[in-house]
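Me: Please take a close look at one part of this model, the place where the two chains meet, and set it in the context of the chains that form it.

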Amino acid sequence: MMQVPCIHCGLRDESEFTYAGTAHLARPPLDQSDEVWGEYLFFRDNPKGMHLERWRHTQGCGRWFNLIRNTVTHEISSVYAVSDPPP
Amino acid sequence: MRYSAWSLLRGALSGQRHWPAAWRDASPKSSYDVIIVGGGGHGLAAAYYLAKNHGVTKVAVIERGWIGGGNTGRNTTIVRSNYLYPESARLYDFSLQLYEGLSQALNFNIMLSQRGLVLLAHSRHDLDAMSRWANAMRMNGIAAELLTREQVGELAPALDLSPQARLPVLGGFTQRRAGTARHDAVAWGYARAASALGVDIIQSCEVVDFLKENGRVVGVNTNRGRVRAERVGIAAAGHSSVLAKLAGFRLPVTSYALQAMVSEPIKPVLDTVILSPGTGAYVSQSDKGEIVMGAMLDLFPSYAQRGSFAVKQAILAATLALFPSFSRLSLMRQWAGIVDVVHDSSPIIGPTPLPNLYINCGWGTGGFKAIPVGGWTLAHVLATGRNHALAEPFQLDRFITGRLIDEAAASGIAH
């Protein structure tokens, strides 16, 4: 089974985690246009390769964290706090 | 050559050595009227309908690998039209109608087997939801029948129907026109029919960029040279975002791996398709005797055509909860396709932000059943520049206007 490195608990089985979407999406101000909100809500880079994403150790410590994962090899190259900027 | 009992008989005299290749493996020419990027079912069907319905025969299908080698060869081969909203019902039922006549239309046996689809209700709430669902289908003119537990048992006696079952079956509903089709035959049949009408099918040819002049798309740059065209269509499923990035825009798509697997072949035990929306388990028996199993997505983005063990385990656990007698079977093959999931689980068929570039994507976990209509509607917009009426509600701008067609929630299909 794939192992995901929790920022708090270290390597654990994939089944303990929830993937929670692309990281670093900035919520636009409320007065922005439908186009801006549509982009924010639905449109994604969906890269083939490195992806900065948010995970949660749902069945463990419950911590949210970010990681960089390759969407082709599933290799995880970096784990960092949700409040940190992209490394 | 037309396939018929006569041509088979005639071949018997010559040792069946008279069969020509089913389609021409073409090399790219310098220009076409229309280029379709992606030689899966949708792309090949679009090429066929461009030639057949619209008389546009200077068409190239450009495929990075080999035709039908992507999701067309990596699904559970189920066809059905049990959707909730009128827009979806019209679209998917037209697809099923085309499937019903496809072997004749293509002169290629796609082995359509309308063995029916049975959806299982495991709770009172499931029963209520399925009544609503079946009634919605009937309102849209698509036959559906509610089933009692006994009726489910008659259709699928191998199910664990005992009261102490892990997932008790309280009833369900069926669409009897649903069933299975031979997935490779759909790709080969469309390829053969398109090729016979003059379409170039170009394999091992990867699009590396789009040619643009004055902001309009005028062709593609491939690893086998530049090819110009009046219009270009994309039918690349899980790789739609990769192509959109080359063209310079984004899509509301996330690519996930959807896996499925087959057991070793056994004698006939299941002659319908079973879907348990509660667990996502999707079980049928192939004509070769294998038990075909699929279920939920690997819920993190992926371009790897393999599934994770965690999800594989969940799919098998769900299948065995329904069919405990399958527990001794060995797994024979496992695969995953990269599916293009959008927020409302409905497709996108129409223009892109770039003039002359059109797209067919967003089918997510349900692309195989939609091959005929996906091809039909993409061909229409490529030939005429106007959306087909069936495709009108399924435009990219719905993600800006908010007019989503949320089949993810509506039809209760595991996404």
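Reply: This is a predicted model, and the description starts with the chain A side of the contact. Chain A is built from 1 helix and 6 strands, and read from the N terminus these elements follow the order β-β-β-α-β-β-β. Along its principal axes, the C-alpha atoms of chain A occupy a box of roughly 45 × 25 × 25 Å. Of its 87 residues, 38% count as buried, while the accessible surface of the chain amounts to about 4800 Å², with 51% of that belonging to carbon and sulfur atoms. Where contacts in chain A join residues at least 6 apart in sequence, 44% of them connect residues at least 24 apart.

Turning to the contact itself, 24 residues of chain A take part in it, together with 27 residues of chain B. The size of an interface is often given as the accessible area lost when the parts come together. For chain A and chain B that area is about 2200 Å², and 58% of it lies on carbon and sulfur atoms. On the chain A side, Phe42(A), Phe43(A) and Asn46(A) provide 32% of the area that this chain buries against chain B, which is more than any other three residues supply.

The polar part of the contact can be described in similar detail. Between chain A and chain B there are 14 residue pairs in polar contact, counting pairs with both residues at pLDDT 80 or more. Helix 1 (34-42) and strand 4 (50-56) of chain A each contribute at least two residues to the side of chain A that touches chain B, and helix 1 of chain A gives the largest share of that side, with 5 residues. By residue class, the side of chain A that touches chain B comprises 8 nonpolar, 7 polar and 9 charged residues.

The count of salt bridges between the two chains is 2. In one salt bridge, the side chain of Glu39(A) meets that of Arg250(B), with an N to O distance of 2.9 Å. Glu39(A) and Arg250(B) also belong, with Asp45(A), to a network of salt bridges.

For context, the whole structure holds 17 salt bridges over all chains, and several pairs within chain B can be set beside those of the contact. Asp287(B) and Arg115(B) form a salt bridge whose closest N and O atoms are 2.8 Å apart; this pair links distant parts of the chain, 172 residues apart, with Asp287(B) in the loop between strand 14 (281-285) and strand 15 (290-301) of chain B and Arg115(B) in the loop between helix 4 (102-106) and strand 4 (117-121) of chain B. Asp287(B) is exposed, at a relative accessible area of 54%, whereas Arg115(B) is buried, at 17%.

Glu213(B) forms a salt bridge with Arg228(B), their closest N and O atoms lying 3.0 Å apart; Glu213(B) sits in strand 9 (residues 207-213) of chain B and Arg228(B) in strand 11 (residues 225-234) of chain B, 15 residues apart. Glu213(B) is partly exposed, with a relative accessible area of 38%, and Arg228(B) is likewise partly exposed, with 36%. Lys288(B) and Glu290(B) form another salt bridge, with closest N and O atoms 3.8 Å apart; here Lys288(B) counts as exposed at 60% relative accessibility, while Glu290(B) is buried at 4%.

Definitions and conventions:
Residues numbered from 1 in each chain as written. Chains lettered and ligands numbered in written order. Predicted model: local features only at pLDDT ≥ 70, side-chain atom pairs only at ≥ 80, totals over all residues. Heavy atoms only, no water. Contact = heavy atoms within 4.5 Å. Buried area = accessible area lost by both parts, 1.4 Å probe. Salt bridge = Lys/Arg side-chain N within 4 Å of Asp/Glu carboxyl O. Polar contact = N/O pair within 3.5 Å; in protein donor to acceptor, adjacent residues only side chain to side chain. Helix = DSSP H or I, 4+ residues; strand = E, 2+ residues; numbered from the N terminus. Nonpolar A, V, L, I, M, F, W, Y, C, P; charged D, E, K, R; others polar. Buried < 20%, exposed > 50% of the residue type's maximum accessible area, 1.4 Å probe, protein only. Areas by Shrake-Rupley, 256 points an atom, 1.4 Å probe, with all protein chains shown as cover.
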